[in-house]
Amino acid sequence: SGETKFYNYGQIDTSGETATNLSLYEIGSVTKTFTAWLAKIYLGDELDKSIADFFPEIENKDLKLVKVNELRNHKSGLPRLSEQFSPKDWSDPFNGYSNALLETELNNLKIDTSKTWSYSNFGFGVLGRIIEKKTVSDFPDLVGELFQDSEMYHSHLEHATVNKKLLVQPTNIGTKNKNWKFTGPSRYAGGLISCTQDLVSYLKFQKENNDQFQVPKIENLHATGIDDLGANNLFYKNGWFVLKPENSTEILLHNGGTGGYTSFVAYNKNTKT
């Protein structure tokens, strides 16, 4: 119930229009926190099943080696991107991705059985497809409902519905980029478009509903081995990175990046910020 302040910087395009808390950005992999939450809501006890149970049409025996919850925790042994991933256009790489392509990738999949923590976009596409199969729903229904629950009234599931006047021009080191159109199951790994106002609403929703945001200490964290934020300080659990700059602090966070956008959300449990 604390105060919310928005600080907006810079111009959204060459017209000189200034950014606001409703300016829209591709949020990339912050999307994975939504997919992880949908998995918690809709899969429940089935998180312990092997992914083979959800793809009976695929004969690849390696699917039996992977549990659904390992996808959610980047402990599945799936690669970051499938070896078959070969976009028509690398400047918009997920455009044209489909359920059929995902199945081809699963047919050819080789699992890294060491099961060390390893970030996987491919894994979250598979996780999203499993949620669809279980619920007999699709991305617009599943994530659209979560937007409503989170009071995210300005966010979008795809570029087609975006008011172009609010969309920030995608730019990378001063160079204009294409917008990334995520299609098929790739949407679960990085497809959402949002603004700072809605992401604050989303963090409030997580704070009220996600026990990881509430408990003093999250049990059984997965070490990531990523040292960018200090050696052995960055962990992961069920869709969120957990930064522990010292033992008594836990900061839940996720970042995202597409061709012309970078994004970041974080919640400090100690200071409730």
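**Notes on salt bridges, a strand trio and a charged patch**

1. A good place to start is K134, which is partly exposed, with a relative accessible area of 36%. Please keep in mind as you read that this is a predicted model. K134 forms a salt bridge with E46, and the closest N and O atoms are 3.2 Å apart. This pair ties together distant parts of the chain: K134 belongs to helix α4 (residues 121–135), while E46 sits in the loop between α1 (31–43) and α2 (68–72), 88 residues away.

2. E46 has another partner to look at. It forms a salt bridge with K49, with 3.1 Å between the closest N and O atoms. Is E46 buried or exposed? Its relative accessible area is 18%, and because buried means under 20%, E46 counts as buried. K49, by contrast, is partly exposed at 35%. Taken together, E46, K49 and K134 are linked in a network of salt bridges.

3. A further salt bridge joins the side chains of E250 and K269, at 2.7 Å from N to O. Here too, distant parts of the chain are linked: E250 is in the loop between β7 and β8 (251–257), and K269 is in the segment after β9 (262–268), 19 residues apart. Both E250 and K269 are buried. For the overall tally, a search of the whole structure finds eight salt bridges.

4. Now to the strands. Strand β6 (residues 234–237) pairs with strand β5 (residues 222–223) in the antiparallel sense over two bridges, and A223 stands opposite F235 of β6. β6 also pairs with strand β7 (residues 240–243), again antiparallel. How many bridges hold β6 and β7 in register? There are four bridges, and K237 is found opposite W240 of β7.

5. The turn of this hairpin deserves a glance: β6 and β7 are joined with two residues between them, and N238 in the turn has a positive phi of about 50 degrees.

6. Which way do the side chains of β6 point? L234 and Y236 point one way, F235 and K237 point the other way, and all four residues are buried. In a regular strand, side chains alternate between the two faces of the sheet. You may like to view K237 with this in mind, as a lysine among the buried residues of β6.

7. Finally, a look at the surface. D138, D141, E145 and D149 form a negative patch there. D149 lies in helix α5 (residues 139–149) and is partly exposed, with a relative accessible area of 47%.

Terms used: Residues are numbered from 1 along each chain as its sequence is written. This is a predicted model: local features need pLDDT of at least 70, side-chain atom pairs count only at pLDDT 80 or more; totals for chains, interfaces and linings use all residues. Side-chain values use heavy atoms; hydrogens and water are left out. Patches are made of residues with over 30% relative accessible area and no salt bridge: like charges are joined within 9 Å, nonpolar side chains (Val, Leu, Ile, Met, Phe, Trp, Tyr) within 5 Å. Accessible areas come from the Shrake-Rupley method with a 1.4 Å probe; for residues, only the protein chains shown count as cover. A salt bridge is a side-chain nitrogen of Lys or Arg within 4 Å of a carboxyl oxygen of Asp or Glu. Lys and Arg count as positive and Asp and Glu as negative; His and the chain ends are not counted. The place of a charge is taken as NZ of Lys, CZ of Arg, CG of Asp or CD of Glu. Buried means under 20% relative accessible area, exposed over 50%, partly exposed in between (1.4 Å probe, protein chains only). Two strands pair if DSSP finds at least two bridges between them.
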